[in-house]
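Grab a pencil and open the viewer. Here are some exercises to work through, each with a solution that goes step by step.

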Amino acid sequence: MTDFLQHKIFKLVSDIAEQEGVRAFAIGGYVRDCLLGRDSKDIDIVIEGSGINMAEEVAKKLRVSVNIFKHYGTAMLHCDGMDIEFVGARKESYNPDSRKPIVENGTLEDDQRRRDFTINALAFSLQKEEFGKLIDPFGGTKDLQEGLLRTPLDPDITYSDDPLRMMRAVRFATQLGFTIVPESFEAIKRNKHRMQAPVVSIERIVDELNKIMKAEKPSKGFFLLEETDLLALFLPQLSKLRGVEIMEGRGHKDNFSHTLQVLDNVAAKSDKLWLRWAALLHDIAKPTTKRYDPVLGWTFHAHEFIGAKMIPCIFKQLRLPLSDNTMKYVQKMVQLHLRPIALSLEDVTDSAVRRLLFDAGDDIDDLMLLCKADITSKNEQTVQRHLRNFEIVREKLIEVEAKDAVRNFQPPITGEIIMRKYNIPPCREIGLIKETIKNAILDGLIRNDYDEAYALMEQKAKEMGLTNE
């Protein structure tokens, strides 16, 4: 196993540990990823003694700075592209009202026992006499080979002590493509009530949720969250998409499965986190807007507009960013996600394309990706027809953008120009004139040109009774 310990940090820690008379081990995710052949940027080192003292000694030798977190008994430094964390071996006990443990000094065995999963309890020895030896008290190697997630101890104890481990189980299953063993899966369902404040903060839940979202195939995580009944605790709006209702022998598609297929389709093409969030939430208003019409069948009229209005509430609920443009971006994607598809079903006019370009702005490419991902019919002919029409829309977008440059355009007549021309204060009439000019440009009635826009301003002002006297 010494092939996995080539980074200079391991030899250095081994030398210092021998001098100090303590035992040191590489443990957890680094060991797991080495055995799986995955890249890792983090190294966790556990010391039977003071992790902080070891970090300080290592930092001196390397001549690097070290960040010390005395409250947690940990220290971290950066070396050759790796984040290296040091902690003293410990054993833990828990208060039922908190996931923060009562910590005591312990041995490696104590430390491995407190780990969340057997595959994260693996350790490499850094002792001179057994350098690189794999220490595996719970069968983590076998679980790695079989692709299984299992807790070292009774799963009810593991999950009740630190309920966030239930989210971590789903996250690792998603990232690694592993299976949660049945006894662990059932324990998650039994302990799901523990996944609530004040025991677990929504911020920690969402941190795990974002890691699931960034996985190669994030749908697996959301199916697991739904099957374990965790999803309804923090994102019930998404859970409500699940299921098929039948009226007069006519059913609609399962919008939960459809949504996750769209999410996977987007994930296959883009690693943008918030575009993936937009995919997850694009049909979020379908349960609210679902109606049955004897002629039309199942309808979800205006679900894109109502869905966009739901986004701020969901972002507040999950403590997602509100202050930057993140929320507005997701809102925009949800509100516009039907527009390109609607265009593909009709004769594509320059005016409709200009308006789409204007409304989407620099996010037009993301929107087109989302819309293409939204084509999930099981009928291959239907899919191919939509895709052909979609390409026509894409070509038209390129043509109109090259000709008219309307993406993010600003009409040449500003409110200041109108106020100065007609000697008026800010008022409703200014907005009406600006809207008239904007619509005329988008409809192709005038060019995006100052003189043409100025002439239209004068015409509209005259109709409204404004003069420059």
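**Exercise 1. A loop residue**

In which loop does Arg63 lie? Find it, then check its backbone and its exposure.

*Solution.* Before we start, keep in mind that this is a predicted model. Step one: Arg63 sits in the loop between α3 and β3. Step two, the backbone: the phi of Arg63 is positive, about 60°, although Arg63 is not a glycine. Step three, exposure: the cut-off for exposed is over 50% relative accessible area. Arg63 has 79% relative accessibility, so it counts as exposed.

**Exercise 2. Another arginine**

Where does Arg319 lie, and is it buried or exposed?

*Solution.* Start with the location: Arg319 is in the loop between α16 (303-318) and α17 (326-336). Now the backbone: Arg319 is not a glycine, yet its phi is positive, about 55°. Finish with the accessibility: Arg319 comes out at 55%, so it counts as exposed.

**Exercise 3. Trace the sheet**

What is the strand order of the open sheet of 7 strands? Walk across it and work out how the neighbours pair.

*Solution.* Step one: the order is β3-β4-β5-β2-β1-β8-β9, and the pairing is mixed. Step two: look for strands that pair on one side only, and you get the edges, β3 (66-69) and β9 (134-135).

Step three: go in from the β3 edge. β3 and β4 run antiparallel and are joined by 4 bridges, with Ile68 opposite Ala75 in β4. This hairpin has 4 residues between its strands, and Gly73 takes a positive phi near 70° there.

Step four: carry on to β5. Strands β4 (residues 74-79) and β5 (residues 82-88) are antiparallel, joined by 6 bridges. Thr74 has Val87 as its bridge partner in β5, while Cys79 stands opposite Met82. The β4-β5 hairpin has 2 residues between the strands, and Asp80 in the turn has a positive phi of about 50°.

Step five: cross to β2. Here β2 and β5 run parallel, with 6 bridges; Ile45 is partnered by Phe86 in β5. Then comes β1, which is antiparallel to β2 and joined to it by 4 bridges. For a landmark, the bridge partner of Ala24 in β2 is Ile47.

**Exercise 4. Helices by the sheet**

Which strands do the helices α1 and α3 touch? Give an angle for each helix, then move on to α2.

*Solution.* Take β4 and β5, joined by 6 bridges, as your reference. Helix α1 (residues 8-20) packs on the sheet and touches β1 (24-27), β2 (42-47), β4 and β5. The direction of α1 makes about 10° with that of β2. Helix α3 (residues 51-62) also packs on the sheet, touching β2, β3, β4 and β5. The direction of α3 makes about 25° with that of β4.

Now for α2 (residues 29-36): 6 of its 8 residues are buried, so the helix is mostly covered. The buried ones are Gly29, Tyr30, Val31, Arg32, Asp33 and Cys34. After α2 comes Gly37, whose phi is positive, near 75°.

**Exercise 5. A leucine and its neighbours**

Is Leu280 buried or exposed, and which residues does it touch?

*Solution.* First place Leu280: it belongs to helix α14 (residues 273-281). Next, the accessibility: Leu280 has a relative accessible area of 0%, so it is buried. Now list the contacts, leaving out residues up to four places away in sequence: Met213, Phe222, Leu235, Leu238, Thr259, Leu260 and Leu263. Pick Leu263 for a distance check: its C-alpha atom is 5.8 Å from that of Leu280, with the two residues 17 apart along the chain.

**Exercise 6. A pocket**

What is the volume of the second largest pocket, and which residues are closest to its centre?

*Solution.* The volume is about 890 Å³. The pocket is lined by 32 residues, and those closest to its centre are Lys253, His258, Lys286, Asp374 and Thr376. Sort the lining by type and you get 10 nonpolar, 14 polar and 8 charged residues. Then sort by element: α10 (219-227), α13 (255-267), β15 (297-299), α18 (339-344) and α21 (380-404) each supply at least two residues. With 6 residues, α13 gives the most to this lining.

Conventions. Residues numbered from 1 in each chain as written. Predicted model: local features only at pLDDT ≥ 70, side-chain atom pairs only at ≥ 80, totals over all residues. Heavy atoms only, no water. 1 Å grid on protein atoms, 1.4 Å probe; cavity = no way out; pocket = protein on both sides within 12 Å on 5 of 7 lines; lining within 4 Å. Points joined across faces, edges and corners; volume = space filled by probe spheres on them. Nonpolar A, V, L, I, M, F, W, Y, C, P; charged D, E, K, R; others polar. Pairing = 2+ DSSP bridges. Contact = heavy atoms within 4.5 Å. Axes fitted to C-alpha atoms, helices over the stretch in contact; angles between N-to-C directions. Buried < 20%, exposed > 50% of the residue type's maximum accessible area, 1.4 Å probe, protein only.
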